[in-house]
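User: Could you take a close look at how helices pack against one another in this model, and then follow that packing to a pocket? I am new to this structure, so a connected account would help.

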Amino acid sequence: MRALLNTVIIVLVMATRLFAQDNDLQLAKQYASNGEPQKALDIYQKLYKQNNEGYYSYYVNTLISLKKFDEAESVVKKLVRKHPNENQYQITLGTVYTQEGNLSKADAIYDNLIKNLPADRNEIAMLAGQFYQSANLDYAIKIFQQGRKTLNSNEAFTYELINLYRFKRDKINLTEEYLNFLPANPNFIAQAENAFATIYEGDVDYNMLKSNLLRRIQKDPQQTIYAELLTWQFMQQKEFDLALNQALALSRRQNDDGTNIFELCRTLNSNEAYDAAIRGYEYIISKGKTSPMYIPAKIELINTKNLKVTSGKYLPADLTGLEQDYNDLLTEFGRNNSTVFAMQKLANLQAFKLHKLNEAQKLLEDAVNIPNSRPELLASCKLDLGDIYLINKQPWEATLLYSQVEKDFPNTDINQDAKFRNAKLAYYTGDFTWAKGQLNVLKAATSQLIANDALNLQLLINDNTAADSVGNALKIYARADLLIFAEQPEKAVMTLDSIDKKFPNNSLRDDILMSKSRILIQQKNYAAAVPLLKKIADGHPNDLWADDAVFMLGDIYENRLDDKASAKVWYEKIVKNYPGSLWINEARKRFRLLRGDKADS
C-alpha cells in the first residue's frame, strides 16, 4: 500500500513539474515575441538546467540571437561530446560559428560530415533534412549530391533536390535536374513546366532553357520529351509559329493522329494566334477522312477562322473564304441537328459581316425548324434570328421570337437574355415607356452582366427623357445604337453627328462619345478611341459612362497599347474615385498585378 502511495506521489510531483515547465516555456515564448529576449533566455536557461537536453534548441538559439556565441559554443560542444554520433549537434555548432562569422570553422564541420557520409539512403536523407531545418539549404544540397556519389546513383534524391532548387529559385540547377529526370519520367512534364513558369522571370531564363534543350536534342534526337518541352518554351515566349513548327515536326516523326496538335491549336486560339492555329488544323485535316481527328479539326478550323474574323484581325477576302468554308461543311455533312451550330455561325457571319440579311434570315429560319436540336442551341438560334429580324426591319417578328424563348425557359439566364433583347427592341424603336418597365425588372437579374446593362440602359432613358418626355434626341441616338449593333459604323457615326445639329442642347454628349469610342474599338482603332474616352473621364466624371470609360482606358493601355504605367493610373482611378463601380474588383486586381503584388494578395 505504502509503495503504491509513493508511486502516486512521484507521478503527481512529476506532473506538477511538467505543468510548471510548460507554463514557463509559454512565458518565455511570449517574452521572445514581445522583443524581450534576455527575459526569455533566463527562463530557457533554467529549463535547460532542469531538463538538460529537452530545451537546448530554445536556449542555444536565444544565445545566438543575443550574440552570446561563447556560451552557445560551450553548450553545444558538451552535447557533441555526449552524443558524438548525432549529427544535429554538430550542425548546430556549425550554425554558431556561422553566426559568429567564423565560416571556416563551420565549413570544416560540414565538410567532415560530407566526407564521412554513410552509404545509407535514409541516413543521408535524415542528415540533409537536419541541414534544411537549420536553414542551411546549400549544405542540404551538397549532402544529396554527395549522397548520389556515395550510393553510385545519379537518380537518387531527385525529388528532394528539385524541391530545394525551387525553394532557392536556382533556375540553372532546377532546369538541369528536370531535364535529366524527364526522359525516364515523361508524365512529370506538366510539373516541370509549372515549376519553370513559377521561377523563370523573362527571356534570359527561357533562352537558357532553349539552349539546353537544343543541345540535348542534337545529342539525342530520338528523345521526344525535349521536343515537347521546346514547343512549350516557344509558347511561353509567344513565338507561336516556331511552337507549331516544332510540334508538327514531332507529329510527323511519330506519325500520330494529330491529337497533340489539336490541343496545341486550342492554346494558340486562346492566345489569338489564329493563323498558326489554322495551319495546325489544316495539317490534321490533310491526314484524311479516316483520321479520328478529321471532323473535330474541320469544325475547329472554321471556328478559328470565325474567331479571326470576329476579332477584327482579317482581310475582306477572309470573310468570303470563311463563308465558303461553312457552306462546304454543310454540303459535306448535310443540314441536320449535328450541323445547326454551323448554320447559326454562318448566318451571323452573313448578317453582321457580309450584310446578307435575307440569306442569313432564311438560313436561321431553316435551322430553327430542324428536329431534335438541343433545346439551348435552338433557343440561341431563335434569339439570333430575332436579332436579324430586328435589323432587317421586322421588329414584330423579332419580338415574337424573343417572347417565345422567354416563355420556354422560365427562371433561367436564357429567359433574362430574351427579356433584355425585347427591352432593347423597344428602346431601338422608341418605345421608351415599355422598355423602362422591362428594364426595371431586369435590374434584379441573376446575370450580373444583364443586370448592369439593364441598369445603364434605364438610366440612359431616364436621363434623356426628363426634360424631353418624348425623347426626340434619344430616338435618333437609339437608331445609331442599332446601326452599331448591326455593324454599320459609317451610318452610325453619321446618325450620331446629326443629333447635335437637330438638338443642339441635348444631354447626350457623353453617350455620343461612348458610342463613337465603341465603334473605334470595334474597328480595332484603339489609339483613336483613347481621346474620346478621356473626354468622358475628364469632362463627365459624374455621368453614366464615367467609370466604364476609366476602366476601358486601363484595359486599352494594358492589353492593346502595351503601356502598363498608364494602365495602372486608370485602374487606380477606378479604385479611388468609383468604389461602387461594377469594375471595382477587376480594376483592383489588375492594379495590384501591375504594381507587382502577388496574384493572391
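Analyst: In this predicted model, Leu357, Ala360, Gln361, Leu364 and Glu365 of α20 meet Cys381, Asp384, Leu385, Ile388, Tyr389 and Ile391 of α21. Sorted by class, the residues of this contact of α20 with α21 are eight nonpolar, one polar and two charged. Helix α20 covers residues 357-367 and helix α21 covers residues 375-391, and their axes come within 10 Å while crossing at roughly 150 degrees. Angles over 145 degrees count as roughly antiparallel, and α20 and α21 are therefore roughly antiparallel to each other. The crossing of these two helices, α20 and α21, is left-handed.

The pair α13 and α14 can be described in the same terms. The axes of α13 and α14 come within 7 Å and cross at roughly 160 degrees, so that these two helices, too, are roughly antiparallel to each other. The crossing of α13 and α14 is left-handed. On the α13 side, the contact is formed by Thr224, Ala227, Glu228, Leu230, Thr231, Phe234 and Met235, which meet Phe240, Leu242, Ala243, Gln246, Ala247, Leu250, Arg253 and Gln254 of α14. By class, nine of the residues in the contact of α13 with α14 are nonpolar, four are polar and two are charged.

From this pair the account can turn to the pocket. The second largest pocket holds about 410 Å³ of space, and among the 18 residues that line it, Glu228, Thr231, Trp232, Asn260 and Leu264 are the closest to its centre. Both α13 (224-236) and α14 (240-254) supply at least two residues of this lining, as do α11 (189-199) and α15 (259-270). Glu228 and Thr231 belong to the α13 side of the contact with α14, and these two residues are also among those closest to the centre of the second largest pocket. The lining of that pocket comprises eight nonpolar, six polar and four charged residues.

Helix α11, one of the contributors to the lining, has a packing partner of its own to consider. The axes of helix α10, residues 171-181, and α11 come within 11 Å and cross at roughly 170 degrees, which makes α10 roughly antiparallel to α11. Lys171, Leu174, Thr175 and Tyr178 of α10 make this contact with Gln191, Ala192, Ala195, Phe196 and Ile199 of α11. In the contact of α10 with α11, six residues are nonpolar, two are polar and one is charged.

How values were computed. Residues numbered from 1 in each chain as written. Predicted model: local features only at pLDDT ≥ 70, side-chain atom pairs only at ≥ 80, totals over all residues. Heavy atoms only, no water. 1 Å grid on protein atoms, 1.4 Å probe; cavity = no way out; pocket = protein on both sides within 12 Å on 5 of 7 lines; lining within 4 Å. Points joined across faces, edges and corners; volume = space filled by probe spheres on them. Helix = DSSP H or I, 4+ residues; strand = E, 2+ residues; numbered from the N terminus. Nonpolar A, V, L, I, M, F, W, Y, C, P; charged D, E, K, R; others polar. Axes fitted to C-alpha atoms, helices over the stretch in contact; angles between N-to-C directions. Parallel < 35°, antiparallel > 145°, perpendicular 65-115°, else oblique. Left-handed = near helix turned anticlockwise from the far one by under 90°. Contact = heavy atoms within 4.5 Å.
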